[in-house]
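Got your viewer open? Here's a short walk through a few spots, one selection at a time.

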Amino acid sequence: MSAPLLLPLAPGSTIGILGGGQLGRMLALAAARLGFDVVVLERKADSPAGRTAVQLIVAEYDDEAALAELAGLTGLVTYEFENVPAASVAWLAARGVEVAPGSRALAVAQDRFEEKTFLNAHGAPTVAFAVANTPEEAMDAVARIGAPALMKTRREGYDGKGQRWVEHAHAAAGAFEALGGVPVIVEAAASFVRELSLIAARGRDGSTAIYPLGENHHEQGILRRTLAPAQAAPAVAGQAERIATRVLAGLDYVGVIGIELFEMADGRLLVNEIAPRVHNSGHWTQDGCEVDQFEQHIRAVAGWPLGPTRAIAQVEMLNLLGDEADAWAKYAAEPETRLHLYGKRGSRPGRKMGHINRVKPL
Ligand code: AMP
């Protein structure tokens, strides 16, 4: 058993992070700035977060010996991706380790059907949707929702992976098989005018902090650009805030959450998905806000007061994909550009190698 966790967590304490990617790296850097040590549990020996941690445990996320080692080093664990096995979180919790955000947030975010059901039940509107477990049910679902519809695997999709457009109900069975014959959700096509996202946080005392909206542009399913703070009508910003407040309270959430939104022509917002972690569309906060999403997450899970979220600059965040990061010297020479590189050793097309924030002080 881990020793009981004393909150607020004192500087000098250790925080565990499940996952060794760039989000874990930036969380570890923020934690270090507040005086914490970070131990990372990650599958690969060489990882962006592993290189910034004081200790690295290389193992599968469900390896009990590795989880026990982690529990021996820290009483507080967070994660940088939502596909952490629920059983690992339960295993840690049973040994007195505090895992934040909690298992409810993970369960909701890991399954697109649970997610949309939760959102609608908490006053956060989404597109119409239906589930299907067989090719026949898939045809039926598309017939009910109406074509074109977007079929997505219920679990484990990201960056546009695990989804297919279905143009006619009779193409549904083929799409179902092409997605691997696993349970799917069929979504109505959202004819949005733009994609927005909201980064928000909830502390252990139930206080919330909400960042200004970001406007997101994707290419081939991957986030390319975020413009923030986004120009938005007060009614749109108000809806986004209400959605965030309801979602955070409904999940009894602790930490930072990313909420992806569709803005419809009539000004309504629909939630596309929620990510129970820091989010790529929140990277602009590093150079555009008083306290960024990474420090905010560490503050929240450590039981510290949340920091201010006010924007201090207008930011264009650009992801550096594949060999685009090779132009680091050019970006480093631009006075308005803040360069963030992830230390990844191998580049391949589409791989997120870093990002830049181009800032214009407000
Ligand atoms: P997701 O993996 O759910 O975040 O989806 C990736 C991208 O696909 C989103 O950012 C949207 O551009 C698009 N998308 C997702 N769901 C829908 C939908 N129901 N209607 C239209 N476009 C969608």
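## Stop one: a covered strand

Start by selecting strand 4, residues 76-79. Both of its faces are covered: Leu76 and Thr78 point to one side, Val77 and Tyr79 to the other, and all four are buried. Keep in mind as you look around that this is a predicted model.

Now bring in the neighbours. Add strand 1, residues 14-18, which runs parallel to strand 4 and is joined to it by 3 bridges. Which residue stands opposite Thr78 of strand 4? Click on Ile17 and you've found it.

Next, add strand 5, residues 98-99, which also pairs with strand 4 in the parallel sense, over 2 bridges. Here Val77 has Val99 of strand 5 as its bridge partner.

## Stop two: two helices crossing

Hide the strands for a moment and select helix 2 (residues 64-73) together with helix 3 (residues 86-94). Two packed helices are described by the angle and the distance between their axes. In this pair the axes come within 10 Å and cross at roughly 45°. Angles between 35 and 65 degrees count as oblique, so helix 2 is oblique to helix 3. The crossing is right-handed.

Show side chains to see who does the touching. From helix 2, pick Glu64, Leu67, Ala68, Leu70 and Ala71; from helix 3, pick Ser88, Trp91 and Leu92. Sorted by class, the contact has 6 nonpolar, 1 polar and 1 charged residues.

## Stop three: unusual backbone spots

Most peptide bonds are trans, and most residues other than glycine have a negative phi. The next few picks go the other way.

- Zoom to Leu7 and Pro8: the peptide bond from one to the other is cis, with omega near 0°. Pro8 sits in the segment before strand 1.
- Move to Ala100 and Pro101, joined by a cis peptide bond with omega about -5°. You'll find Pro101 in the loop between strand 5 and helix 4 (103-109).
- Jump to Gln220, in the loop between strand 12 (214-219) and strand 13 (222-228). It isn't a glycine, yet its phi is positive, about 50°. Is Gln220 buried or exposed? Gln220 is exposed, with a relative accessible area of 79%.
- Finish at Asp252, in the loop between helix 8 (234-250) and strand 14 (255-264). Asp252 has a positive phi too, near 45°, and is exposed, with a relative accessible area of 57%.

Definitions and conventions
Residues numbered from 1 in each chain as written. Predicted model: local features only at pLDDT ≥ 70, side-chain atom pairs only at ≥ 80, totals over all residues. Heavy atoms only, no water. Axes fitted to C-alpha atoms, helices over the stretch in contact; angles between N-to-C directions. Parallel < 35°, antiparallel > 145°, perpendicular 65-115°, else oblique. Left-handed = near helix turned anticlockwise from the far one by under 90°. Contact = heavy atoms within 4.5 Å. Nonpolar A, V, L, I, M, F, W, Y, C, P; charged D, E, K, R; others polar. Buried < 20%, exposed > 50% of the residue type's maximum accessible area, 1.4 Å probe, protein only. Pairing = 2+ DSSP bridges.
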